[in-house]
Amino acid sequence: KIGHALHDLDDAFRDFTRSAKVADVFRSLSYTSPTPVQSMVMFKQSEFASEVSAHQDSAYIFTDPLSTLGFWVALEDACEEA
């Protein structure tokens, strides 16, 4: 993992995470004020097993009431075949 807080520190990430297109996705899920709070780049090379099992990041980014939602964005084309 590299680049924590890219949504604040990198122009391209800032523009994407705060874009109307991303906000519209969150609003469609009933989030009224979507705000990025965490971002990073994770390298997932197909040559190495790197599957992530189901988990909840809310233990690390706690809100009361629970109100966080995470999503992944592929930075390259991907396929199911390794």
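# Reading the labels of a predicted model

Q: Why does Leu 75 count as exposed?
A: In this predicted model, Leu 75 has a relative accessibility of 64%. The label "exposed" requires over 50%. The value of 64% satisfies that requirement, so Leu 75 counts as exposed. Leu 75 is found in the segment after α3.

Q: What makes Phe 16, Phe 71, Val 73 and Leu 75 a nonpolar patch?
A: Nonpolar side chains are joined into a patch within 5 Å, provided that each residue has over 30% relative accessible area and no salt bridge. Leu 75, at 64%, illustrates the requirement on area. Together, Phe 16, Phe 71, Val 73 and Leu 75 form such a patch on the surface, with about 390 Å² of accessible area.

Q: How is it known that Arg 18 and Asp 8 meet in a salt bridge?
A: The nitrogen of the Arg side chain must lie within 4 Å of a carboxyl oxygen of the Asp. For Arg 18 and Asp 8 the N to O distance is 3.0 Å. This value lies within the cut-off, and therefore the pair is called a salt bridge.

Q: Which parts does the pair of Arg 18 and Asp 8 tie together?
A: Arg 18 belongs to the loop between α2 (11-17) and α3 (20-28), whereas Asp 8 belongs to helix α1 (residues 6-9), so the pair connects parts that are 10 residues apart in sequence.

Q: What label do Arg 18 and Asp 8 receive for accessibility?
A: Arg 18 has a relative accessibility of 44%, and Asp 8 has a relative accessible area of 39%. Partly exposed residues lie between the 20% and 50% limits. Therefore Arg 18 counts as partly exposed, and Asp 8 is partly exposed as well.

Q: How many salt bridges does a search of the whole structure find?
A: The search finds three salt bridges. One of them is the pair of Arg 18 and Asp 8. Another joins Arg 14 and Asp 11, whose closest N and O atoms are 2.6 Å apart. Asp 24 and Arg 27 also form a salt bridge, with an N to O distance of 3.9 Å. The value of 3.9 Å is within 4 Å, so Asp 24 and Arg 27 satisfy the rule.

Q: Where do the partners Arg 14 and Asp 11, and the partners Asp 24 and Arg 27, lie?
A: Arg 14 and Asp 11 are three residues apart in helix α2, which means that about one helical turn separates them. Asp 24 and Arg 27 are three residues apart in helix α3, again about one turn of the helix.

Q: Why do Arg 14 and Asp 11 carry the labels they do?
A: Arg 14 has a relative accessibility of 28%, so it counts as partly exposed. Asp 11 stands at 51%. This is over the 50% limit, and therefore Asp 11 counts as exposed.

Q: What makes the pair of Phe 26 and Tyr 31 edge-to-face?
A: A pair of aromatic rings is described by the distance of the centres and the angle of the planes. The count comes to two aromatic pairs, including that of Phe 26 and Tyr 31, with 5.9 Å centre to centre and 90° between the planes. Centres within 6.5 Å qualify as a pair, and planes over 60 degrees apart qualify as edge-to-face, so both parts of the label apply to Phe 26 and Tyr 31. Ring pairs link Phe 26, Tyr 31 and Phe 71 into a cluster.

Q: Is Phe 26 buried or exposed?
A: Phe 26 has a relative accessibility of 11%. This value is under 20%, so Phe 26 counts as buried. Tyr 31, with a relative accessible area of 25%, is partly exposed.

Q: How is it known that the buried residues of α3 line one face of the helix?
A: The buried residues of α3 are Val 22, Ala 23 and Phe 26. Viewed down the axis of α3, they fall within an arc of 100°, so they line one face of the helix. The face turned away from this buried side carries the exposed residues Ala 20, Lys 21 and Ser 28. What covers the buried residues of α3 includes α2.

Q: What is stated about the phi of Ser 30?
A: Ser 30 has a positive phi of about 75°, although it is not a glycine. Ser 30 comes just after α3. At 65% relative accessibility, which is over 50%, Ser 30 counts as exposed.

Technical notes: Residues are numbered from 1 along each chain as its sequence is written. This is a predicted model: local features need pLDDT of at least 70, side-chain atom pairs count only at pLDDT 80 or more; totals for chains, interfaces and linings use all residues. Side-chain values use heavy atoms; hydrogens and water are left out. Helices (H or I, at least four residues) and strands (E, at least two) are DSSP runs, numbered from the N terminus. Buried means under 20% relative accessible area, exposed over 50%, partly exposed in between (1.4 Å probe, protein chains only). Rings of Phe, Tyr and Trp (its six-membered ring) pair if their centres lie within 6.5 Å; planes under 30 degrees apart count as stacked, over 60 as edge-to-face and the rest as tilted. Patches are made of residues with over 30% relative accessible area and no salt bridge: like charges are joined within 9 Å, nonpolar side chains (Val, Leu, Ile, Met, Phe, Trp, Tyr) within 5 Å. Accessible areas come from the Shrake-Rupley method with a 1.4 Å probe; for residues, only the protein chains shown count as cover. The arc is that of the directions from the helix axis to the C-beta atoms. Contact means heavy atoms within 4.5 Å.
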